[in-house]
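Biologist: I should be grateful for a close look at one part of this model, the sheet of the longer account, together with whatever packs around it. Please proceed strand by strand and then move outward.

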Amino acid sequence: MPGITREEVAHLARLARLELTDEELDHFAGQLDDIIGAVARVSEVAAEDVPPTSHPLPLTNVMRADEVRPGLTAQQALSGAPAQEQQRFKVPQILGEE
Amino acid sequence: MADVKDPAGLTRLTAAELAARIADGTTSAVEVTEAHLARIEAVDEKVHAFLHVDREGALAQARAVDAKRAAGERLGPLAGVPLAMKDIFATEGVPTTVGSKILDGWLPPYDATVTRRLKEAGLVLLGKTNMDEFAMGSSTENSAFGPTGNPWDLTRVPGGSGGGSAASLASFQAALAIGTDTGGSIRQPAALTGTVGVKPTYGGVSRYGMVAFSSSLDQGGPCARTVLDAALLHEVMAGHDPLDSTSVDAPVPPVVEAARNGSVAGLRVGVVREFGGEGFQAGVTQRFAEAVELLRELGAEIVELSCPSFDKALAAYYLIAPSECSSNLARFDAMRYGLRVGDDGTRSAEEVTSLTREAGFGPEVKRRIMLGTYALSSGYYDAYYGSAQKARTMVARDFAAAFGQVDVVVSPTTPTTAFAIGERVDDPMAMYLADLCTIPVNLAGNAALSLPCGLAPEDGLPVGLQVIAPAMADDRLYRVGAAVEAAFQARWGHPILEEAPVL
């Protein structure tokens, strides 16, 4: 089982939308390497012929009747918004210059 | 143990006693609430169990209970009893932070189902308790708002993630508390503080309005000072909820009846070989052995068992839980609620999201998000997440085989007693070991309870006994728990918390 490098941690941080500092990268790289080394032992069961379990319960899709019921008002839904305008969530630009 | 601010000793009573006195008019819900608010004011500066105290809201709920009684309405079995709520459940208009800066100051526009049920039952919500950020941790040190002290020794941790809830009970600031348990976050703090905590069967308590960490493992449950109080709270908070698609549509097991009829006579009790040995503190091993001996004296048949897959459970958990968390926490993107950092008009939404998550999440949350992102990435998925899911099946099969031979399984709740604040905070693997005995239960979705079984001779700190039952047999926990609790208290001559230092 391979360990994890600082470069890989930087890549993971980008994927996970975490703008880590250099100090954090140094610190986390060592810690994540330790953790992955410790949890890698689960791969000992990779060859076992057992089905995977994703959930403790047998899950079935749950439907409800298609009826209108009360929900949050626009004012309630926007009450925690960092910024709002015209009864809408106001967000930073989503398209870059290019 | 006279307290000048609580001459009637209301804060020392059990929830069942308080509810009875409120119902028969010996005292009022307002008096009880005021006594607890005074206790919080007197000791919580030292303990730091609460992140927010809702004095006005609590008194209003208490007044409503008293008015109902005056009007001759029937009160529920816990009406007027003050409760401390883990800060992971949404409470309308009352701050809900999950111990994180990313939700600092958020006022939910709705109540969680658990919150709603408690209010409808007339419980008085005193405030929100401290916790490891997003319930990730075993010490409450990962809270963005500072650690909580263990009332047995304020320099030690109360366990986690629900350390605030457990500490509020052990320091008599609340009669009941709510926790959530993803890998042990109710049971481990209960063990470390000499209190009782129950993780119900997965799906037994609604997750609607509970901030999600690892959805296939998370489960809310009751925290209390006695087994009966936990059962009374369990009955109020549990039950089917159409708003949670994983909620079990079946009657709540008869937990209160079981708690009132404690007995282990004729019961087959399993002791799992893998829950012991190296890494277990001597005093924990000793008190656990005494508890097993007590069970035998009370008429239980002790059966030694082996669950070989349990030594993979911790590793499987630390792949599954981070994987689910990396997905669940993607919603904290600085767009609709919570913190937003760096929105200066020039940065893109993506940059603002990354800056906000960097500023808003603490180190453990970042570690787990990255670990989960890694485990789920192509190339590693089969080796890590896929294997962890197989290990999960094997753990469930080991439990199934065990419950073919025994009615309940017992173990120490944690390998050690409360450790010092700061001792493991930057050593994630050492911290993760605190949940060694509790994690297999979450993976399988079973029910489990922790109750005090004595103090470790070497440090005088509480040791927890874990009782594990099959899914939907939560009542067995209470039947066993009540019998063990009564026998230990008869031996000690008092509840264990009487031995905690006076704060």
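Modeller: In this predicted model, Phe50(B) has Thr129(B) in β3(B) as its bridge partner. That pair belongs to the junction of β1(B) with β3(B), two strands that run antiparallel and are joined by three bridges. β3(B) also pairs with β2(B), residues 82-86, here in the parallel sense and over five bridges. Within that pairing, Ala84(B) is matched with Gly127(B) of β3(B). As to its surroundings, six of the six residues of β3(B) are buried, so this strand is largely enclosed by the rest of the structure.

These strands are part of an open sheet of 11 strands in chain B, whose pairing is mixed. The order across the sheet is β1-β3-β2-β4-β6-β5-β10-β11-β9-β7-β8. Its edges are β1(B), residues 50-53, and β8(B), residues 301-305, each of which pairs on one side only. From one strand to the next, the twist averages 30°. At the β8(B) edge, the partner strand is β7(B), residues 268-272; the two pair in the parallel sense over five bridges. One of the matched pairs there is Val272(B) with Leu305(B) of β8(B).

A helix also lies against the sheet: α7(B) packs on it and touches β4(B), β5(B), β6(B) and β10(B). The direction of α7(B) makes about 150° with that of β6(B), residues 220-224. The same helix, α7(B), residues 227-237, packs with α16(B), residues 474-492, at an angle of about 155° and with the axes 9 Å apart. An angle over 145° counts as roughly antiparallel, and α7(B) and α16(B) are therefore roughly antiparallel to each other. The contact brings Val227(B), Leu228(B) and Ala231(B) of α7(B) together with Tyr478(B), Gly481(B), Ala482(B) and Glu485(B) of α16(B). By class, five of the residues in this contact are nonpolar, one is polar and one is charged.

The connection that follows β3(B) also deserves attention. Phe134(B) is found in the loop between β3(B) and α5(B). Its phi is near 55°, a positive value in a residue other than glycine. Phe134(B) is buried, as 30 other C-beta atoms lie within 10 Å, where 20 or more are required for that description. Ser161(B) likewise lies in the loop between β3(B), residues 124-129, and α5(B), residues 163-170. The peptide bond leading from Gly160(B) to Ser161(B) is cis, with omega near 15°.

Moving outward to the other chain, 55 residues of chain B are in contact with 46 residues of chain A. On the chain B side, α10(B), α11(B), α12(B), α13(B) and α14(B) each supply at least two residues. The greatest contribution comes from α13(B), with 12 residues. The residues on this side of chain B comprise 28 nonpolar, 15 polar and 12 charged.

One helix pair across the two chains may be described in detail. The axes of α1(A) and α12(B) come within 9 Å and cross at roughly 100°, which makes α1(A) roughly perpendicular to α12(B). From α1(A), the residues Val9(A), Leu12(A), Ala13(A) and Leu15(A) meet Met370(B), Thr373(B) and Tyr374(B) of α12(B). Six residues of this contact are nonpolar and one is polar, with no charged residues.

Arg17(A) is placed in the loop between α1(A), residues 6-15, and α2(A), residues 22-39. Its phi is near 55°, positive although the residue is other than glycine. Arg17(A) is buried, with 22 other C-beta atoms within 10 Å.

Chain A itself contains three helices and two strands, which run α-α-α-β-β from the N terminus on. Its radius of gyration is 23 Å, well over the 13 Å that the globule rule gives for 98 residues, so chain A is more spread out than a compact globule. Along its principal axes, the C-alpha trace of chain A spans about 50 × 45 × 25 Å. Of its 98 residues, 20% count as buried.

Note on methods
Residues numbered from 1 in each chain as written. Chains lettered and ligands numbered in written order. Predicted model: local features only at pLDDT ≥ 70, side-chain atom pairs only at ≥ 80, totals over all residues. Axes fitted to C-alpha atoms, helices over the stretch in contact; angles between N-to-C directions. Helix = DSSP H or I, 4+ residues; strand = E, 2+ residues; numbered from the N terminus. Parallel < 35°, antiparallel > 145°, perpendicular 65-115°, else oblique. Contact = placed C-beta atoms within 7 Å. Nonpolar A, V, L, I, M, F, W, Y, C, P; charged D, E, K, R; others polar. Buried ≥ 20, exposed ≤ 12 C-beta atoms within 10 Å, placed from the backbone. Rg over C-alpha atoms; globule rule 2.2 N^0.38 Å. Pairing = 2+ DSSP bridges.
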